[in-house]
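Here is a short tour for a first look. Start with the rings, then step back to the cores and the whole chain.

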Amino acid sequence: MEIAKDEFDDDVGAVKSRVHEQKQKPKKAAPPPDEMGLFEEEDAGGGDEFMAVKPWMGQMREPSDYRKPPKNQEQPPTITFELEWVHGYRARDSKNNIAILKDGCVAYHAAAVGIIYDADDHTQKHFNKHIDDITAIAFSSDERTIATGEIGPKPSIYVWDGCTMQELLNIKGKLKKGIQALSFSPSGNYLAACAIDTDHHVAVFNAKTGD
């Protein structure tokens, strides 16, 4: 196939003209990362707006006899609580921790509370002087005096009357980390205690004075 020289020159000229035009156009800036197809832009929507509506606000009411005190955040609330019933019994890591007292009531402990249960009346009385969980309990031979020890850096050992619920003695900070075991002497005059610390220190106290 033969091509005339003038047609060839026209084609070459057209190509050169297009190349020149491309060179004259400004170069486009590189698109940001989110326009390069790496990420797809999506509508975030309204999100979880449940907290904007508080359905409980219309259902909760203060007690009818409640009187709002003056604004004073440093004062404790005027409402007090009273323990009515303790459910459960600590048996996982505490042994020999239940006994029948001389009046027929059952003595045991759960959480930080010493409990006296009267099966006839189906009632409970509570010894709640402890500030942490009771981990050990002992019963005197008089069938009414009880000793309880708690866990904590400087644990307390309380000796109390299971019939009147009166505190008889508080031995605090003599042992460390907590009380692992307690036991009265046969006469009830002495109380032995074993600590939860690494060396399991043992102390013997006068059950009347704490010395």
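## Ring cluster

Rings of Phe, Tyr and Trp count as a pair if their centres lie within 6.5 Å, with the six-membered ring used for Trp. In this predicted model, such pairs link F127, Y158 and W160 into a cluster. The structure holds four aromatic pairs.

F127 and Y158 meet edge-to-face. Their centres are 5.6 Å apart, with 70 degrees between the planes. F127 lies in strand 4 (residues 123-127) and Y158 in strand 7, so this pair ties together parts 31 residues apart in sequence. Both F127 and Y158 are buried.

F127 also pairs with W160. The ring centres are 4.5 Å apart and the planes at 0 degrees, so this pair is stacked. It ties strand 4 to strand 7 as well, across 33 residues of sequence. W160 is buried, with a relative accessible area of 0%. F127 has 2% relative accessibility, so it counts as buried.

## Nonpolar cores

The largest nonpolar core has 17 residues. A147, I157, L182, F184 and L191 touch the most other members. Strands 5, 7, 8, 9, 10 and 11 each give two or more residues to this core.

A147 touches residues including A136, Y158, L182 and L191. A second, separate core has 10 residues, among them A107, I146, Y158 and M165.

## Whole chain

The protein chain has one helix and 11 strands. The helix comes before the strands, counting from the N terminus. Of its 211 residues, 29% count as buried. The chain exposes about 16200 Å², and carbon and sulfur atoms supply 53% of that area.

Definitions and conventions. Residues numbered from 1 in each chain as written. Predicted model: local features only at pLDDT ≥ 70, side-chain atom pairs only at ≥ 80, totals over all residues. Heavy atoms only, no water. Core = buried A, V, L, I, M, F, W, Y, C linked by side-chain atoms within 4.5 Å. Buried < 20%, exposed > 50% of the residue type's maximum accessible area, 1.4 Å probe, protein only. Helix = DSSP H or I, 4+ residues; strand = E, 2+ residues; numbered from the N terminus. Contact = heavy atoms within 4.5 Å. Areas by Shrake-Rupley, 256 points an atom, 1.4 Å probe, with all protein chains shown as cover. Phe/Tyr/Trp six-rings, centres within 6.5 Å; stacked < 30°, edge-to-face > 60°. Lists of a residue's contacts leave out its neighbours within four places in sequence.
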